[in-house]
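Me: Could you walk me through this model, one question at a time? I'd like to begin with a hairpin and work outwards from there.

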Amino acid sequence: MSETAKLLRVFLVDKQLSGLTSRLKAAERFLGEQEKQLSQLGSRKSTIEAQIKQLAATVANHEGEMSRLDARIEHLRTQMNSAQTNREYKAFLTEINTIKADRSKIETVALEQMAQIDGLKGQLAEIDTSREDRQKVRSVADDERTKRADEIRERVEQLKKERESLIAEVPATVLSDYQALYARREDESMAPVEVQDRKRHEFNCGSCMMSIPVEIVNRLMTHGTITRCVSCQCILYMDEAATSAMQPAKR
Ligand SMILES: [Zn+2]
């Protein structure tokens, strides 16, 4: 068996393996996306929770300040009620009004912050709903991934064993070149020669469709040494269709 024929057996197994794992890979990608979105939602949630905590602490400070001012106003009122002169009374009244104005400013800010907290809590509730929905999708995606992995496990194991014994027969340099090629071109790593017209010596690469000289085809037919398409770099082989097309016509 030629080097090309030996390598072709490996390539056909690799193609089957990638076909089998493509659905699993798609399921894994989908699951990965769900997990990424969940983690983004989780970090948004913690950011908002931290903001709420900070705002609540500020509101509590404002409330403390307001009750301190309330006590002060109460105290001034008592003093004002026992004022001896009109001037004294007015002085207390002015001070009370100044404090009231300050308190009102603080209250406005506190109310704004409380409204902000309510808004943030609304956002949190939305995030929780999104997280619940996303977790359901994630769970379905997880089941799907497991199902896909289970359904191909046996066949993949079988093919991997087959591949092990097949690569043992391929020369190491040929194999390493092929593996580098496969990493780039996958299912397009090897392609059959297509016979357009045997008598006119018209052949082309089954991958890129560029023409192939007859000498290359003859060499593949007789020696089966590893031959690359000069245009697309894939490794060429003669499949059954090409081989039979090259047989002299029967009388
Ligand atoms: Zn080509």
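Me: Happy to start there: which residue in the turn between strand 2 and strand 3 has a positive phi?
Reply: Strand 2 and strand 3 form a hairpin with 5 residues between them. Helices (H or I, at least four residues) and strands (E, at least two) are DSSP runs here, numbered from the N terminus. The turn residue with a positive phi, of about 70°, is M209.

Me: Before we go on, what kind of model is this?
Reply: Residues are numbered from 1 along each chain as its sequence is written. Local features need pLDDT of at least 70, side-chain atom pairs count only at pLDDT 80 or more, and totals for chains, interfaces and linings use all residues, since this is a model that is predicted.

Me: Thanks! How many bridges join strand 2 to strand 3?
Reply: Two strands pair if DSSP finds at least two bridges between them. Strand 2 and strand 3 run antiparallel, and F203 stands opposite I212 in strand 3. The number of bridges joining them is 2.

Me: And on the other side, which residue of strand 2 is the bridge partner of V195?
Reply: Strand 1 and strand 2 pair in the antiparallel sense over 4 bridges. Within strand 2, E202 is the residue that D197 stands opposite. For V195, the bridge partner is F203.

Me: Which residues of strand 2 point to one face and are buried?
Reply: Buried is a matter of counting: 20 or more other C-beta atoms within 10 Å of a residue's own make it buried, 12 or fewer make it exposed, and anything in between is partly exposed, with C-beta atoms placed from the backbone. Side chains alternate along strand 2, and E202 and N204 point to the other face and are not buried. The buried ones are F203 and C205.

Me: Now the whole sheet: which strands stand at the edges?
Reply: The sheet is open, with 4 strands in the order 3-2-1-4 and mixed pairing. Strand 1 and strand 4 pair in the parallel sense over 3 bridges, and P192 has Y237 as its bridge partner in strand 4. Each edge strand has a single partner strand, so one side of each is left without a neighbour in the sheet; these are strand 3 (211–212) and strand 4.

Me: Which element gives the most residues to the largest nonpolar core?
Reply: A nonpolar core is a set of buried Ala, Val, Leu, Ile, Met, Phe, Trp, Tyr and Cys residues joined through C-beta atoms within 7 Å. The largest has 22 residues, and V193, I235 and L236 have the most contacts inside it. Two or more residues come from each of helix 1, strand 1, strand 2 (202–205), helix 4 and strand 4. With 4 residues, the element that gives the most is helix 1.

Me: How far apart are the end C-alpha atoms of helix 1?
Reply: Helix 1 (residues 3–81) has 79 residues, and the expected span is 1.5 Å times one less than the number of residues. That gives 117 Å, which agrees with the distance between the end C-alpha atoms, 112 Å.

Me: Last one: is R77 buried or exposed?
Reply: R77 lies in helix 1. The C-alpha atoms of R77 and T222, 145 residues apart along the chain, are separated by 115 Å. Because R77 has 12 other C-beta atoms within 10 Å, it is exposed.
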